[in-house]
Amino acid sequence: MFQDAELAAQVAHADFDQPNIARMYDYHLGGSANFAIDRTTAEQALRVAPTERDYCWANRAFLGRAVRILVTDHGIDQFLDLGSGVPTVGNVHEIAHQHNPATRVAYVDWEAIACHHARHLLGAEEQRVTVTEADVGDPETVLNAAGVAGLLDFTRPIAVLAFGILDILPTTDGAGLVARYRDACVPGSALAVSNNAQLTRTDQEVAGLRSLLVDTSTPNLHMRTPEEVAALLPGYTLLDPGVVPAALWRPDQPVTDHEAQRGNVYGAVGILP
Ligand SMILES: C[S@@+](CC[C@H](N)C(=O)[O-])C[C@H]1O[C@@H](n2cnc3c(N)ncnc32)[C@H](O)[C@@H]1O
């Protein structure tokens, strides 16, 4: 368990005085890479939108299933994880390595604590896993970064992961952004996406969440409909069951519609023909 001062001392350039989405998400998932200001804001988020923690768990569980199925059913052994977050339960490389230990994973996030924590955790993994501190809204920089270009072989299929990121970037042109990553990928590559949605959230809850995010480094929250999520994957063939509440994307155990809706997140996975 990190103490705030210990964590702060390790990463001099973290934004200690501003709540941060990576660390709030970590707090909701039970992690310890967060500061008092993140915990306070995350608790406020739960008060304005009581399903916030359901969102985090549904999103994270969908990520785990998508990675496993891309490795086992589609033979993917390279991942580019955009906005990868603080390492937490069910990391991409851990899930992938259970099924193919040779899988390479390039994590990209711009949050200092998330990247520090990931590097700390990975230690000797650097032959197979890298952490790049960069803005995913700048694909050229990301694709040319040593941790990405030096690790992934773009002449072979790569899965681009965009979980919980396209909805918080400043641009509303998520499709245009992911297309720039898609254009670097060969046929057989994949794109997996999750996006915040308004399934059980009321307008008042969404407004409350937006007003809390204004104080963070990611003040945007773009809710998307299933049609708008499908539009994020142009050129890809969607895997069954298409765009669905994330908990209903190939669940490992039965999920009720109500449980799935409480996640307030859509998910989809596509393959580049
Ligand atoms: C809600 S978390 C999602 C984490 C993880 N992808 C998951 O779904 O479990 C969003 C992450 O995106 C990162 N992020 C937000 N804007 C970013 C940007 N412009 N460039 C890189 N990372 C960004 C945040 O720091 C945070 O770690």
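Which element gives the most to the lining of the largest cavity? In this predicted model, the answer is helix H4, which contributes six residues to that lining, and the paragraphs below follow the enclosed spaces, the ligand and the open pocket in turn.

Two cavities of 30 Å³ or more are held within the structure, and the largest of them encloses about 570 Å³ of space. Its lining is made up of 36 residues, among which Ile-21, Ala-22, Tyr-25, Gly-164 and Ile-168 are the closest to the centre of the cavity. Seen by element, helix H2 (21–28), helix H4 (52–74) and helix H10 (203–213) are the ones that give two or more residues to this lining, with H4 giving the most. When the lining residues of the largest cavity are sorted by class, 19 are nonpolar, 10 are polar and seven are charged.

It is in this largest cavity that the ligand sits. Around the ligand there are 20 residues, and those that come nearest are Tyr-25, Arg-60, Gly-83, Asp-109 and Asp-135; Tyr-25 is thus named both here and among the residues closest to the centre of the cavity. H2 and H4 each supply at least two residues of the shell around the ligand, and the largest share of that shell, three residues, comes from H2, whereas for the lining of the largest cavity it is H4 that gives the most. The shell consists of 10 nonpolar, six polar and four charged residues.

Several polar atoms of the protein can be followed to oxygen atoms of the ligand. For Arg-60, a polar side-chain atom lies 2.7 Å from a ligand oxygen, and for Asn-59 a polar side-chain atom is found 2.8 Å from an oxygen atom of the ligand. With Gly-85 the polar atom belongs to the backbone, and the distance to an oxygen atom of the ligand is 3.5 Å. As for the surface of the ligand, it exposes 590 Å² when taken alone, and the protein buries 98% of that area.

The second largest cavity has a volume of about 70 Å³. Its lining comprises 13 residues, and Ser-84, Gly-85, Pro-87, Asn-91 and Tyr-107 are the ones that lie nearest its centre, so that Gly-85 appears here as well as in a polar contact with the ligand. The elements giving two or more residues to this lining are H4, helix H5 (92–99) and helix H6 (112–122), and the largest share, three residues, comes from H6. By class, seven residues of the lining of the second largest cavity are nonpolar, four are polar and two are charged.

There remains the open space of the model, where the largest pocket holds about 400 Å³. Of the 17 residues lining this pocket, Ala-58, Ala-61, Arg-65, Ala-247 and Val-255 are the closest to its centre. At least two residues of the pocket lining are supplied by each of H4 and helix H12 (257–262), and H4 gives the most, with seven residues. The lining of the largest pocket divides into eight nonpolar, three polar and six charged residues.

Taken together, these descriptions return to one element: H4 gives residues to the lining of the largest cavity, to the shell around the ligand, to the lining of the second largest cavity and to the lining of the largest pocket.

How values were computed: Residues numbered from 1 in each chain as written. Predicted model: local features only at pLDDT ≥ 70, side-chain atom pairs only at ≥ 80, totals over all residues. Heavy atoms only, no water. 1 Å grid on protein atoms, 1.4 Å probe; cavity = no way out; pocket = protein on both sides within 12 Å on 5 of 7 lines; lining within 4 Å. Points joined across faces, edges and corners; volume = space filled by probe spheres on them. Helix = DSSP H or I, 4+ residues; strand = E, 2+ residues; numbered from the N terminus. Nonpolar A, V, L, I, M, F, W, Y, C, P; charged D, E, K, R; others polar. Near = heavy atom within 4 Å. Polar contact = N/O pair within 3.5 Å; in protein donor to acceptor, adjacent residues only side chain to side chain. Areas by Shrake-Rupley, 256 points an atom, 1.4 Å probe, with all protein chains shown as cover. Sits in = over half its atoms within 2 Å of the grid points.
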